[in-house]
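Me: I should like a close look at a single part of the structure shown below. Please begin there and then relate that part to the rest of the chain.

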Amino acid sequence: MPHPPLRLPSAFTTLHRVAPEEIDEYAHVNNTVYLQWLDRIAWAHSFKLGVPLEHCISIRRGMAVRHTRVDYLEAALLDDSLLIATWLVACDGRLRCTRRFEIVRVSDNKRILDAEIEYFCLNLDTGKPCRFPSEFTEHYTVKPEVTAAYAELPDSLRHVGYSRGAS
């Protein structure tokens with residue numbers, strides 16, 4: 001079965017099957033669980049880009065969350081197979097990066113979640129923002145095809161976490 005449609009090219013993806021411990025009292029995935037999934041795929045992508053967690057700890061620099069914006073679009077249910085995707089969509093090469101996420105249910109291609117998280121470089125010793133080390137500048141880059149596709153998204157899809165109006 002081909003992957004569900006994603007809005008941007010060149011995604012870093014993983015498949016996830018919803019487990020019983022991720023279900024809340026309303027019989028769907030708890031909202032906090034989605035954030036854990038986003039964190040996991042961000043770290044997996046960072047590892048693939050050449051910046052694993054262990055290296056961040058050894059150089060005492062990391063990317064910390066400044067803003068998280070999430071559109072919860074459909075409920076994910078027990079045993080759903082989900083495609084989780086991420087991209088770097090903005091990076092200033094000095095202090096900040098923005099990561100885009102999409103979660104799509106594989107069985108019916110329903111979009112479950114859209115999210116964007118803005119990160120800043122953090123000195124792990126002082127807890128203060130700091131400039132990117134050379135490794136971040138080198139590895140945290142936005143692919144040109146992602147930049148182009150992101151620019152083509154309608155405003156309503158580029159402004160995750162804000163009311164999309166009636167559609």
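Why does S10 count as partly exposed?

Reply: S10 counts as partly exposed because its relative accessible area is 35%, and this class lies between the limits of under 20% for buried and over 50% for exposed. The model is a predicted one. S10 is placed in the segment before β1, the strand that covers residues 12-17. The backbone of S10 deserves attention as well: its phi angle is near 60°, a positive value in a residue that is not glycine.

A similar description can be given for N109. The phi angle of N109 is also positive and near 60°, and N109 is not glycine either. N109 is located in the loop between β4 and β5. With a relative accessibility of 38%, N109 is therefore classed as partly exposed.

To see the setting of these two residues, consider the chain as a whole. The chain contains 5 helices and 5 strands. In sequence order, these elements follow the pattern β-α-α-β-β-β-β-α-α-α. The radius of gyration is 16 Å, close to the 15 Å that the globule rule gives for 167 residues, so the chain is as compact as a globular protein of that length. Along the principal axes, the C-alpha atoms fill a box of roughly 40 × 35 × 30 Å. Among contacts between residues at least 6 apart in sequence, 72% join residues at least 24 apart. Of the 167 residues, 40% count as buried.

The interior comes next. The largest nonpolar core has 20 residues, and Y34, W37, F101, I103 and L113 touch the most other members. At least two residues of this core come from each of α1 (31-49), β3 (81-91), β4 (96-105) and β5 (111-123). Helix α1 gives the most, with 6 residues. A second, separate core holds 9 residues, including C121, C130, F132 and Y140.

What does I103 touch, leaving aside residues up to four places away in sequence? Its partners include Y34, W37 and L38. I103 also touches L82, L83 and I84, as well as K110, R111, I112 and L113.

T98 offers a second example from strand β4. T98 is buried because its relative accessible area is 13%, which is under the 20% limit. Leaving aside residues up to four places away in sequence, T98 touches W87, L88, V89 and A90, together with E116, I117 and E118.

Charged residues add another part to the picture. Side chains of opposite charge can pair when their charged atoms come close. Across the whole structure there are 11 salt bridges. In one of them, R105 pairs with D80, and the closest N and O atoms are 3.1 Å apart. This pair links distant parts of the chain, since R105 is in strand β4 and D80 is in the loop between β2 (61-72) and β3, 25 residues apart. R105 and D80 are both buried.

Another salt bridge joins the side chains of R111 and D114, with an N to O distance of 4.0 Å. R111 and D114 are likewise buried.

A further salt bridge is formed by R158 and D155, whose closest N and O atoms are 2.5 Å apart. Because R158 and D155 are 3 residues apart in helix α5 (residues 155-158), about one helical turn separates them. R158 is partly exposed, with a relative accessible area of 24%. D155 is also partly exposed, with a relative accessible area of 47%. Elsewhere, salt bridges that share partners join R7, E102, R111 and D114 into one network.

Finally, the surface may be described. The chain exposes about 9,100 Å², and carbon and sulfur atoms supply 53% of this area. W43, L53, I57 and L124 make a nonpolar surface patch of about 310 Å². Of these, W43 has its place in helix α1, the helix that gives the most residues to the largest nonpolar core. W43 counts as partly exposed because its relative accessibility is 31%.

To return to the starting point, S10 is partly exposed at 35% and stands in the segment before β1.

Note on methods: Residues numbered from 1 in each chain as written. Predicted model: local features only at pLDDT ≥ 70, side-chain atom pairs only at ≥ 80, totals over all residues. Heavy atoms only, no water. Core = buried A, V, L, I, M, F, W, Y, C linked by side-chain atoms within 4.5 Å. Buried < 20%, exposed > 50% of the residue type's maximum accessible area, 1.4 Å probe, protein only. Helix = DSSP H or I, 4+ residues; strand = E, 2+ residues; numbered from the N terminus. Contact = heavy atoms within 4.5 Å. Patch = residues over 30% accessible without salt bridge, like charges linked within 9 Å, V, L, I, M, F, W, Y side chains within 5 Å. Areas by Shrake-Rupley, 256 points an atom, 1.4 Å probe, with all protein chains shown as cover. Rg over C-alpha atoms; globule rule 2.2 N^0.38 Å.
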